[in-house]
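Biologist: Please take a close look at one part of this model, its nonpolar interior, and then place that part in the chain as a whole.

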Amino acid sequence: MARTVREIVQGLARGVGATVAGVLVAGLTIAGVEWLGHRLYPPPAGLQANDLEALAAHVAAMPIGALLFVLLAWLLGVFIGGLVAASLAGRRHRLYAGVVVAVILLGAIANFAMIAHPAWVMALSVLALPLAGFAAASLAAARATAPSV
């Protein structure tokens, strides 16, 4: 049966809204976890976000725990944001979670291009972020097909 124009527009609006919500939730999750990481591993006093050389020196000197907090922030952001996007969309779960993954992964790659990071952080990010998005999509799909009690 063919869908009406109204159904198509509603589906499109739902998908766009789900994507925007997922990316916003991902960003807020990343900011929250990184805020916690900065409380446990405070940056040096006077470090300016627009001084890329100072930021690169800071990242090079960061303890492993601080770098793991950055990875945790990105992974949780992708997972929770992807779960929100896929759940709100209600269909094509991998697509909507994948858009969240793409936005956050592109942000991470841009970050790597501006500020040198250890190779293991870059490699883990590129490998683990898509897996977190896939896990979010899988969970959303399972929840959507689970019988309600």
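Modeller: In this predicted model, the largest nonpolar core has 28 residues, and the members that touch the most others are Met62, Trp74, Val78, Ile104 and Leu129. Helix 1 (5-40), helix 2 (52-61), helix 3, helix 4 (93-114) and helix 5 (119-145) each supply at least two residues of this core. Helix 3 gives the most, with 10 residues. In soluble globular proteins, nonpolar side chains tend to be buried together.

Ile104 serves as a point of entry. Leaving aside residues up to four places away in sequence, isoleucine 104 touches Ala26, Ile30, Val78 and Leu129. Val78 and Leu129 also appear with Ile104 among the core members that touch the most others. Apart from this core lies another one, of 6 residues, including Leu83, Ala97, Ala137 and Ala140.

Ile104 and Ala97 are both among the buried residues of helix 4. The full list for this helix is His93, Tyr96, Ala97, Val100, Val101, Ile104, Leu105, Ala108 and Phe112. Helix 1, helix 3 and helix 5 are included in what covers these residues. As for geometry, the 22 residues of helix 4 should span 32 Å at 1.5 Å a residue, and this agrees with the 32 Å between its end C-alpha atoms.

Helix 3, the main contributor to the largest core, covers residues 64-89, 26 residues in total. From its first C-alpha to its last it reaches 37 Å, close to the 38 Å expected at 1.5 Å a residue. Glycine 90 follows helix 3 and has a positive phi, near 75°.

These parts belong to a chain with 5 helices and 0 strands, in the order α-α-α-α-α from the N terminus. Taken along the principal axes, the C-alpha atoms fill a box of roughly 60 × 30 × 25 Å. Of the 149 residues in the chain, 33% are buried. Among contacts with a separation of 6 or more, 79% are between residues 24 or more positions apart.

On the outside, the accessible surface of the chain is about 8,800 Å², and carbon and sulfur atoms account for 73% of it. The chain has 8 positive and 4 negative charges, and the mean positions of the two sets are 24 Å apart.

Notes: Residues numbered from 1 in each chain as written. Predicted model: local features only at pLDDT ≥ 70, side-chain atom pairs only at ≥ 80, totals over all residues. Heavy atoms only, no water. Helix = DSSP H or I, 4+ residues; strand = E, 2+ residues; numbered from the N terminus. Buried < 20%, exposed > 50% of the residue type's maximum accessible area, 1.4 Å probe, protein only. Contact = heavy atoms within 4.5 Å. Areas by Shrake-Rupley, 256 points an atom, 1.4 Å probe, with all protein chains shown as cover. Lys, Arg positive; Asp, Glu negative; His and termini not counted. Charge placed at Lys NZ, Arg CZ, Asp CG, Glu CD. Expected span 1.5 Å × (residues − 1). Core = buried A, V, L, I, M, F, W, Y, C linked by side-chain atoms within 4.5 Å.
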